[in-house]
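Colleague: Please give me a close look at one part of this predicted model: the sheet, with whatever packs on it and ties into it. I would like the reasoning spelled out where there is any.

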Amino acid sequence: MSPKTWVETMPYPKGLLKWLFKTPILLYRLGLGLLVGRLFMVLTTTGRKSGLPRRTAIEFHEFEGKLTVLSGWGTKTDWYLNLQANPLATVQTWRGPQPVRARRMDSDEELARAFGWAQSNPTMRKMMKLAGFQMTLEEFLAEKERFTFVVFEPTSEKTPPPLPADLVWVWPVLLGVCLWLVWLIV
């Protein structure tokens, strides 16, 4: 077995780090989804215990025309456990909200294509090297259970409601305050 990468040994975020990871959600609520939505998507799942909408921001990539995520903390994340209980979710990117059905990528053929795509993509290759991920395809497939790739496929089924841009009102207020401050100074 290959040694674990530093990413695999990172503890699950808590406290300030967890709050920092939620920054893209705030940006979406402020109406800035067009800016951050090319790198981060907001995933809305149904809570496995509460039945309520649960949201998280996740870095995503498009692989073979589908939104795809590599879970940095494997199968232990709340969002992944929620998807195990109910695979219907809503994702939001710069393109807007989309109802999806999630599935774990598990076939050797699909994983081999994803591995080849990652190796041919300069950005992904740099990220993998930075993360300490240096495996051959054969090693990767032999240890595929270490890696949790989730594919989100469009669906027409009912999914949880998307995250609203409910803080857009902040911008006119900030503009008003700035204009008032300028008026005071001048």
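Modeller: What follows goes from the strands to the helices, then to the cores and the salt bridges. The model is predicted, so local features need pLDDT of at least 70 and side-chain atom pairs count only at pLDDT 80 or more, while totals for chains, interfaces and linings use all residues. Residues are numbered from 1 along each chain as its sequence is written, and side-chain values use heavy atoms, with hydrogens and water left out.

The sheet is open and has seven strands, ordered β2-β1-β5-β6-β7-β4-β3, with antiparallel pairing. Helices (H or I, at least four residues) and strands (E, at least two) are DSSP runs numbered from the N terminus, and two strands count as paired if DSSP finds at least two bridges between them. The edges are held by β2 (53-59) and β3 (61-63); each has a single partner strand, so one side of each is left without a neighbour in the sheet. From one strand to the next, the twist averages 40°. This angle, like the others below, lies between N-to-C directions and runs from 0 to 180 degrees, the axes being lines fitted to C-alpha atoms, for helices over the stretch in contact.

At the β3 edge, three bridges join β3 to the antiparallel strand β4 (residues 66-70), and F63 has K66 in β4 as its bridge partner. On the other side, β4 runs antiparallel to β7 and is joined to β7 by four bridges; here L70 stands opposite F149 of β7. Strand β7 also pairs with β6, again in the antiparallel sense, over five bridges. In that pairing, R101 has E153 in β7 as its bridge partner.

Two helices pack on this sheet. Helix α5 (residues 78-85) touches β1 (40-46), β2, β4, β5 (88-93), β6 (96-104) and β7 (149-154), and its direction makes about 50° with that of β1; contact means heavy atoms within 4.5 Å. Helix α6 (residues 108-120) touches β3, β6 and β7, with a direction about 125° from that of β3.

Within α5, the residues W79, Y80, N82 and L83 are buried. The cut-offs are under 20% relative accessible area for buried and over 50% for exposed, with partly exposed in between (1.4 Å probe, protein chains only). These four residues cover an arc of only 160° around the axis, which puts them on the same side of α5; the arc is that of the directions from the helix axis to the C-beta atoms. What covers them includes β1, β2, β4, β5, β6 and β7. The face turned away from the buried side carries the exposed residues Q84 and A85. W79 has contacts with L43, T45, T56, I58, V69, S71 and V150, leaving aside residues up to four places away in sequence.

In soluble globular proteins, nonpolar side chains tend to be buried together. A nonpolar core here is a set of buried Ala, Val, Leu, Ile, Met, Phe, Trp, Tyr and Cys residues joined through side-chain atoms within 4.5 Å. The largest core has 15 residues, of which M41, L43, W79, L83 and F152 touch the most other members. At least two residues of this core come from each of β1, β4, α5, β5, β6 and β7, and α5 gives the most, with three. A second, separate core of 14 residues includes F63, L111, F115 and V151.

The whole structure has 12 salt bridges, each a side-chain nitrogen of Lys or Arg within 4 Å of a carboxyl oxygen of Asp or Glu. One of them pairs R48 with D78 at 3.2 Å, N to O. R48 is in the loop between β1 and β2 and D78 in helix α5, so this pair ties together parts 30 residues apart in sequence. R48 is partly exposed at 35% relative accessibility, as is D78 at 39%. Another joins E62 and R95, with the closest N and O atoms 2.5 Å apart; E62 lies in strand β3 and R95 in the loop between β5 and β6, 33 residues apart. E62 counts as partly exposed at 33% relative accessibility, whereas R95 is exposed at 54%.

In helix α6, R113 and E109 form a salt bridge of 3.1 Å between the closest N and O atoms. They are four residues apart and therefore separated by about one helical turn. K66, R103, E110 and E153 are joined into one network by salt bridges that share partners.
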